[in-house]
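Dear colleague,

Here is the structure I promised to hand over. My notes on it follow below.

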Amino acid sequence: MSIDSADKSHTILSESEKSEVRAQLERLLSNAHFSQSKRFPSFLRFVTELTLAGETEGIKERTLGIEIFGRDAEYDTASDPIVRVTAAEIRKRVAQYYQEPAHEDELRITLPSGSYVPQFHWPKGSQDGALPALALLHAEHLAHPEAPSDAHPAKTRRKLPLLIALASIGVALLAAGSIFVWQERNRSAFDFFWRPVLAGNDSVLLCIADQLQYSVISLRDAAEPSHQIQLKDNLTAIVMDDLNAAVKVGGILQSSGKHYTLRAEGSTNLVDLRNGPAVFIGAFDNAWTLRLTNPLRYHFANDADMTHLRIVDSSAPGQTRWVVDRSIQMATNNYRDYAIVARFTDSNTGKLAVIVAGIARGGTVAAGEFLTDPNDLNQLMRAARAAGDKKNMEVVLSTQIIDGEPGSPKMEAVYFW
C-alpha cells in the first residue's frame with residue numbers, strides 16, 4: 001500500500017494503520033541517523049502527525065518555519081532556507097536508514113522531493129492484499145498467454161501451487177540481486193577511499209585537536225551522585241564536533257578490523273606519524289592539519305585578527321569564495337561553513353595522511369559525514385575515475401549551518417594528483 005496524503009483522493013487510514021505509522025516513526029527517530037539531533041525528529045514528527053490527522057493543507061514551508069523553528073510570521077523564506085535544508089537532510093537520512101538490510105522490510109515513511117507531506121508505504125504482502133494477487137496473475141499470464149479466459153477451473157487449481165512457487169522464487173531472486181547490488185555499490189565506494197588506509201598491518205593514528213586543559217576535575221559521590229568533589233588532576237578536553245568526526249572514522253576502522261589509536265595533536269610528534277597512516281581531524285585547532293595542508297592546492301588561511309577564516313585555492317589566490325565570517329557565525333549561528341577532505345602520501349613521513357577538517361565546527365562534522373557516507377563517496381569516486389584514478393585527492397566541501405547544526409555536505413571543488 002502506498003499512500004500519498006497530499007492527493008485529494010488519498011486513502012483514509014484506519015486507527016490500527018495510524019498506530020503502525022506512529023510505531024515505525026518512533027523506530028526511525030530512535031535510530032542513530034536521527035537520535036543525535038533535535039531538529040530532524042521534531043520536523044518529521046510534526047508533518048507526520050498533521051498528515052495522519054488529515055491536515056495536509058497546513059504543511060507548507062512558511063507554516064513549518066513558524067511552528068517548528070519559531071520564525072516570525074513574516075519571515076523571508078527565500079533568505080532563510082531552514083525548512084528546505086532540514087527537509088533535504090531528512091530525506092537523506094531516511095534513505096540511509098532504509099538502505100540498511102535490517103530495515104528493508106519495514107513500513108516506509110518517506111518525504112518526497114519537492115513536498116513536505118510524508119508518504120507511507122507498507123511492505124508488499126503485509127497490508128495490501130492486491131499486490132500478491134497482481135504478481136500471481138502476471139505470472140500466470142506469462143506462463144500461458146494463449147489460455148482462454150474460461151479455462152477449466154480444475155486445471156487452473158492444479159497449476160496454482162507451481163505458479164505461486166515460481167513467483168516466490170522470482171521475487172526472492174530479485175530481492176537477493178538488489179541486496180547484492182547495494183552491497184557491491186557501497187563496498188566499492190568505501191574501498192575506493194579507505195582501502196589504502198586499511199591495507200597493511202600498521203596501526204592508524206587519529207590525531208584530534210585538543211583545546212582546554214584542566215588542573216582540577218569534578219567527580220560525583222557514588223552514594224550521593226548529586227554531591228560533587230573536586231580533585232587535582234591534569235586533563236585535556238576536545239571539541240564535541242571534532243569527536244563526532246572521530247567516532248565516525250573510528251567506526252569505519254573498527255568495522256574493518258583495523259587497529260587504531262587516538263592522540264591529541266599536542267602530544268603527537270613526527271615519530272608517531274612515521275609509524276603508519278594518520279587521520280587528522282580539525283583545522284584551526286590542529287597544528288598538524290595546517291602544516292600538512294599548507295603545501296596543497298587547497299589550504300586554510302586567515303586574517304591577522306582571526307575574524308575571517310577561509311580556504312584558499314593556490315591556483316587562484318585572489319578568489320574569496322570559501323570564507324567564514326566569525327562575527328556572523330557567533331551572532332547568528334546560521335552561516336555557510338567549508339571543509340577540506342584529503343587523502344595523500346605525506347612527503348615528510350612517506351605515510352598516508354587523511355584530512356577531515358572544517359573551517360568551523362560544523363564543517364568538520366560535515367567532512368566526517370562525507371567520508372563515511374556511501375553516496376558521497378560514490379560521487380567522489382566518479383570524479384576520481386574521470387580524472388584518471390590518481391592516488392592523491394583533495395576536496396573542498398560546503399555545508400549550510402542552521403541553528404548550529406550542519407546540513408548535507410556539498411562538493412565545491414576537487415583536485416587529483
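**Helix contacts**

In helices α8 and α12, residues D241, D242, N244, A245 and K248 of α8 meet R361, T364, V365, G368 and E369 of α12. By class, this contact of α8 with α12 comprises two nonpolar, three polar and five charged residues. The model is a predicted one, and that applies to everything below. Helix α8 covers residues 240-255 and helix α12 residues 361-370; their axes come within 8 Å and cross at roughly 10 degrees. An angle under 35 degrees counts as roughly parallel, and α8 and α12 are therefore roughly parallel to each other.

Two further helix pairs share α3. The first is α1 with α3: the axis of helix α1 (residues 15-30) comes within 11 Å of that of α3, and the two cross at roughly 175 degrees. Angles over 145 degrees count as roughly antiparallel, so α1 and α3 are roughly antiparallel to each other. On the α1 side the contact is made by K18, V21, R22, L25, E26, L28 and L29, and on the α3 side by P41, L44, R45, T48, E49 and L52. These residues of the contact of α1 with α3 divide into seven nonpolar, one polar and five charged.

The second is α3 with α5. Helix α3 (residues 39-52) packs against α5 at an angle of about 90 degrees, and their axes are 10 Å apart. Since 65 to 115 degrees counts as roughly perpendicular, α3 and α5 are roughly perpendicular to each other. From α3 the contact takes R39, F40, F43 and L44; from α5 it takes V83, T86, A87, E89, I90, R93 and V94. Seven nonpolar, one polar and three charged residues make up this contact of α3 with α5. L44 of α3 appears here and also in the contact with α1.

**Single residues**

Helix α5 (residues 82-99) also holds K92. Is K92 buried or exposed? Its relative accessibility is 14%, and buried means under 20%, so K92 counts as buried. Beyond its neighbours within four places in sequence, K92 is in contact with E369, D373, D376, S408 and P409. Of these, E369 belongs to α12, where it takes part in the contact with α8.

A339 sits in strand β12 (residues 335-345). With a relative accessible area of 1%, A339 is buried, because the limit for that class is 20%. Which residues does A339 contact, leaving aside its neighbours within four places in sequence? They are I311, A357, G358, G363, A367, V395, V396 and L397. A339 and A366 are 27 residues apart in sequence, and their C-alpha atoms are 7.7 Å apart in space.

Two aspartates have a positive phi. D389 has phi near 55 degrees, a positive value in a residue other than glycine; D389 is in the loop between α13 (374-386) and β14 (393-402). For D403, too, phi is near 55 degrees, again positive in a residue other than glycine. D403 lies in the loop between β14 and β15 (405-406). At 38% relative accessibility D403 counts as partly exposed, because that class lies between 20% and 50%.

**The protein overall**

The protein has 13 helices and 16 strands. It has 417 residues, of which 41% count as buried. About 22000 Å² of the protein is exposed, with carbon and sulfur atoms supplying 54% of that area. Among contacts with a separation of 6 or more, 61% are accounted for by residues 24 or more positions apart.

**Confidence**

The mean pLDDT of the protein is 81, and 79% of its residues reach 70 or more. Which elements have the lowest and the highest mean pLDDT? The lowest is helix α6 (residues 130-143), with a mean of 33, and the highest is strand β13 (residues 352-358), with 97. The pLDDT is below 50 over residues 127-151, and this stretch has 18 contacts in the model beyond near neighbours in sequence. Residues 153-157 likewise stay under 50, and for these the model has two contacts beyond four places in sequence.

Regards

Notes: Residues are numbered from 1 along each chain as its sequence is written. This is a predicted model: local features need pLDDT of at least 70, side-chain atom pairs count only at pLDDT 80 or more; totals for chains, interfaces and linings use all residues. Side-chain values use heavy atoms; hydrogens and water are left out. Helices (H or I, at least four residues) and strands (E, at least two) are DSSP runs, numbered from the N terminus. Buried means under 20% relative accessible area, exposed over 50%, partly exposed in between (1.4 Å probe, protein chains only). Contact means heavy atoms within 4.5 Å. Accessible areas come from the Shrake-Rupley method with a 1.4 Å probe; for residues, only the protein chains shown count as cover. pLDDT is the predictor's confidence in each residue, from 0 to 100. Axes are lines fitted to C-alpha atoms, for helices over the stretch in contact, and angles run from 0 to 180 degrees between N-to-C directions. Ala, Val, Leu, Ile, Met, Phe, Trp, Tyr, Cys and Pro count as nonpolar, Asp, Glu, Lys and Arg as charged, and the others, Gly among them, as polar.
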